[in-house]
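Subject: The structure for you to look at

Hi there,

Here is the structure I promised to pass on. Have a look at it first, and then read on for what turned up.

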Amino acid sequence: MTTTTQTQTKFQSSLPISRSPPRGPVTASLSFYSPPSDGSAPFNYVEAPPAGQPQNNFGIVNHQVQIHDLRGHEAEFSLDRNAFDTLANIPSQETAFADDTHIKKVYYPEVEKLLLETVPGAQRILLFDHTIRRANPNAARAPVTRVHIDQTPSSAAARVRLHLPEEADALLEGRYRIINVWRPINGAVESFPLAVADSSTVRDEDLVGIEHRYPDRTGETAGVKHNVGQKWWYWSGMGDEDRLLLQCFDSKNMGGRVPHTAFVDPRSGEGSKPRESIEVRALVFG
């Protein structure tokens, strides 16, 4: 299973007690890309770095950002216009999310069917990995609290060649997209909600390619620089039957890529339920 490692949050318990999902607009601190101080090309190691190398060589800069609530505005957004979409009342036979083999056997077919039925033009789906994140100190993967995009144009094409090498030339001539299907797995989100930027408000010059160094290959993600013109949203109180579609790349619409990040909601407190979530990543053809 391929996983993605990025800047992860530290967990503290210094906030006021809260036991219900925060609702409505909020102003919160988001962490944006800051270039390496020595002017070198930015990189990040997915696993432990080689001896003498840092995990990554770039920084972050925090900005206070107003984040609007999608709740009640779901119909105003789509993958083609904004690079994200919301789906509600989606049942699943997978409930434990404790075994990768079972997830692939039970949950993957559900995600594939969902994408074929809801993504305009989709004709073929290849699910290539998933990540489970848990907001507790001992989790293998924690919520990522740095604004990023999982793919860039070059890494999206490389994904097609990696997973479907014999068909890649033909597939790359048509429309191909990479879409993440994100959802909580332990009930309504009370802490570390996911924020997304409306792609129509994100400029190409806000994005910076970052080498994503695996043990056996090098991919690329995008760091995101802060810009006051970006408009941010979150879907308050997302539950287990909600799905947030995050489009990381679209060969038909190069502007159709969504920056996203988990964030610390100042209204959440130490009594808030730690967020648990799963994101499944898909190549979508057609």
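Let me start with a hairpin: β9 and β10 form one, with four residues between them. Please keep in mind throughout that this is a predicted model.

The two arms of that hairpin, β9 (residues 207-213) and β10, run antiparallel and are joined by seven bridges. If you want a spot to click on, H212 sits opposite G219 of β10. Strand β10 also has a partner in β6 (residues 148-149): these two run antiparallel as well, with two bridges between them. There, I149 is the residue that faces A222 in β10. As for how covered β10 is, five of its seven residues are buried, so the strand is mostly hidden.

Moving along the chain from there, which loop holds G229? The answer is the one between β10 (218-224) and β11 (232-234). Is G229 buried or exposed? In fact G229 is partly exposed, because its relative accessible area of 43% falls between the 20% limit for buried and the 50% limit for exposed. To give you a sense of distance, the C-alpha atom of G229 lies 36 Å from that of Q53, and the two residues are 176 apart along the chain.

Now to the sheet. Five strands make up an open sheet, in the order β4-β12-β7-β14-β5, and their pairing is antiparallel. At its edges are β4 (84-87) and β5 (124-134), each of which pairs on one side only. On average, and ignoring direction, neighbouring strands here are turned by 20 degrees against each other.

Inside this sheet, β7 (residues 176-184) and β12 (residues 243-250) are an antiparallel pair with six bridges. One of the residues to look for is R177, whose bridge partner in β12 is D250.

Two helices go with the sheet. Helix α3 (residues 153-163) packs on it and touches β5, β7, β12 and β14, with a direction at about 90 degrees to that of β7. Helix α2 (residues 100-118) lies across β4, β5, β7, β12 and β14 (276-285), and runs at about 125 degrees to β5.

If you only have a few minutes, I would open the view on the β9 and β10 hairpin, then go to G229 in its loop, and finish with α2 lying across the strands.

Happy to go through any of this with you.

Best wishes

Technical notes: Residues are numbered from 1 along each chain as its sequence is written. This is a predicted model: local features need pLDDT of at least 70, side-chain atom pairs count only at pLDDT 80 or more; totals for chains, interfaces and linings use all residues. Side-chain values use heavy atoms; hydrogens and water are left out. Two strands pair if DSSP finds at least two bridges between them. Axes are lines fitted to C-alpha atoms, for helices over the stretch in contact, and angles run from 0 to 180 degrees between N-to-C directions. Contact means heavy atoms within 4.5 Å. Buried means under 20% relative accessible area, exposed over 50%, partly exposed in between (1.4 Å probe, protein chains only).
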